[in-house]
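Trainee: I would like a close look at a single part of this model: the C-terminal end of the chain. Please start there and then show how the same ideas read elsewhere.

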Amino acid sequence: MTLIRPDLDTLPAYVPGKTIPGAIKLASNEVALPPTPKVLAAMAEAAATGNRYPDLAVTGLTARLAEARGVAPERIAVGCGSVSLCQQLVQATCREPTDEVVFAWRSFEAYPIVSQIGGATIRTVPIDAEFRHDVDAMAAAVGPNTRLVFVCSPNNPTGTVVTRAELERLLAAVPSDVLVALDEAYHEYVTDPDAVDGMALIDEHPNLVVLRTFSKAYRLAAVRVGYAIGSPEVATALRKVCSPFSVSTIAQAAAIAALDDEEALLSGCASVIEERVRVRDALVDAGFTVPPTQSNFVWLALGERTAPFAAHCLDHKVVVRPFHPDGVRVTVSTPEENDAFLAAARAFAG
Ligand code: PMP
């Protein structure tokens with residue numbers, strides 16, 4: 001016997017984007033701007049009750065989300081970031097080691113981690129030549145042991161979306177007792193009219209759950225709050241497996257204030273949406289392979305040049321996120337920060 005379960009030895013570590021003093025951090029898909037003044041004020045006020053436990057049921061935020069998203073509160077589960085909700089989804093669906101979680105690869109690096117922590121079997125389906133989910137291959141990978149399918153749109157790290165038609169095809173092919181989790185962490189950056197919007201499909205599909213987060217467009221990555229919307233059955237299960245009090249009072253207050261200030265926050269995404277086109281065009285001009293992105297980051301398919309490129313950027317005081325040997329993900333930020341990155345990228349290409 002060992003003290004710790006031996007399979008944890010093979011658990012891939014979640015690699016956070018590095019923070020290096022004096023360098024520009026484009027490694028974690030954060031927004032460069034701080035929370036809005038209204039959100040900061042709400043957080044300060046909530047901090048004054050820091051001696052008390054938070055509302056376990058997250059009542060106020062759930063009600064505010066229900067109003068904002070037009071769904072009944074019992075269909076919502078709030079979590080300590082949507083990464084925590086990913087882990088809760090595995091816990092809520094998988095029990096036997098033969099139970100399977102299906103997802104595209106490369107996709108969000110937390111999926112293999114939370115699946116393995118949950119003791120489930122991982123079945124990955126390669127993304128296609130255009131760095132997109134291959135939903136037909138994913139549907140074909142769903143078998144009698146599949147319990148959960150993660151779909152990431154826009155896909156971290158490639159920035160590509162799944163279309164509504166594609167998700168409908170997948171949902172039509174997947175049995176109703178398999179849960180499909182549509183991870184829309186970057187939803188607020190999507191402008192492609194063909195891209196799926198999970199909220200439009202949840203009423204028809206009780207086995208679909210949508211994940212959203214306050215970490216990106218709402219500028220609250222440090223505060224840790226995300227939410228899932230699906231059927232009452234799925235939301236109840238997510239709440240059952242949630243570690244108690246994991247959404248702090250400050251997080252609940254910040255998220256409510258962010259919803260109240262949604263217009264300002266969402267209009268703040270417009271410059272990134274403009275910049276991502278300029279950044280991608282410049283990279284393509286410099287000879288890089290970069291799929292069109294619907295998110296706040298770009299993907300450079302660098303293959304074996306991934307690690308050298310990341311090291312080169314670091315020499316230029318720009319921190320990017322390498323996924324060796326596939327490629328590098330770079331956050332689209334302010335024009336000045338993007339220019340610093342583009343100068344580094346051009347120097348590498350040249
Ligand atoms: N899903 C995807 C696709 C992400 O990229 C991220 C953040 N890196 C998350 C979920 C988790 O976000 P958070 O836990 O901060 O809500």
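Mentor: What follows goes from a sheet to its turn, then to an empty space, and then to other parts of the chain.

Happy to help! Please keep in mind that this is a predicted model, in which local features need pLDDT of at least 70 and side-chain atom pairs count only at pLDDT 80 or more, while totals for chains, interfaces and linings use all residues. Numbering starts from 1 along each chain as its sequence is written, and side-chain values use heavy atoms, with hydrogens and water left out.

Let's begin with the sheet. Three strands make it up, and if you read across them the order is β9-β12-β11; the sheet is open and its pairing is antiparallel. (Strands are DSSP runs of E of at least two residues, helices are runs of H or I of at least four, and both are numbered from the N terminus; a pair needs at least two DSSP bridges.) At the edges stand β9, residues 297–300, and β11, residues 321–323. Each has a single partner strand, so one side of each is left without a neighbour in the sheet.

Now follow β11 to its partner. Strand β12 covers residues 327–331 and is joined to β11 by 3 bridges, with the two strands running antiparallel. For a pair you can find by eye, take Phe-323 and look across to Gly-327 in β12, its bridge partner. The loop between β11 and β12 holds Pro-325. A cis peptide bond links His-324 to Pro-325, and its omega is about 0 degrees. For context, most peptide bonds are trans.

Next comes an empty space. The structure holds 1 cavity of 30 Å³ or more, and the volume of the largest cavity is about 30 Å³. (On a 1 Å grid over the protein atoms alone, a cavity is a set of points where a 1.4 Å probe fits but cannot get out, and lining residues have an atom within 4 Å of a point; points are joined across faces, edges and corners, and the volume is the space filled by probe spheres set on them.) Strand β12 returns here: together with helix α12, residues 335–349, β12 is among the elements that each supply at least two residues of the lining. Val-330, Thr-331 and Val-332 line the cavity, as do Asn-338 and Phe-341. Leu-26, Val-279 and Val-298 complete the list. By class, this lining has 6 nonpolar residues, 2 polar and no charged. (Ala, Val, Leu, Ile, Met, Phe, Trp, Tyr, Cys and Pro count as nonpolar, Asp, Glu, Lys and Arg as charged, and the others, Gly among them, as polar.)

For another cis bond, go to Asn-156 and Pro-157, where omega is about 15 degrees. Pro-157 sits in the loop that runs between β5, residues 146–152, and α6, residues 164–173. Asn-156 also takes us to the ligand: one of its polar side-chain atoms lies 2.7 Å from a ligand oxygen. Thr-213 likewise places a polar side-chain atom 2.5 Å from an oxygen atom of the ligand. With Val-83, a polar backbone atom is 3.0 Å from a ligand oxygen. (A polar contact is a pair of N or O atoms within 3.5 Å; within protein, one must be able to donate a hydrogen and the other to accept it, and residues adjacent in sequence count only if both atoms are side-chain atoms.)

There is a backbone oddity to look at as well. Asn-29 is not a glycine, yet its phi is positive, about 55 degrees. You will find Asn-29 in the loop between β1, residues 24–25, and α1, residues 37–47.

Finally, set the C-terminal sheet beside another one. An open sheet of 7 strands runs in the order β2-β8-β7-β6-β5-β3-β4, and its pairing is mixed. Its edge strands, β2 (76–79) and β4 (121–126), each pair on one side only. Strand β2 runs antiparallel to β8, residues 226–229, and 4 bridges join them. To spot this pairing in the model, find Ala-77 and look for its bridge partner in β8, Ala-228.

Technical notes
On a 1 Å grid over the protein atoms alone, a cavity is a set of points where a 1.4 Å probe fits but cannot get out, and a pocket is an open set with protein on both sides within 12 Å along at least five of seven lines; lining residues have an atom within 4 Å of a point.
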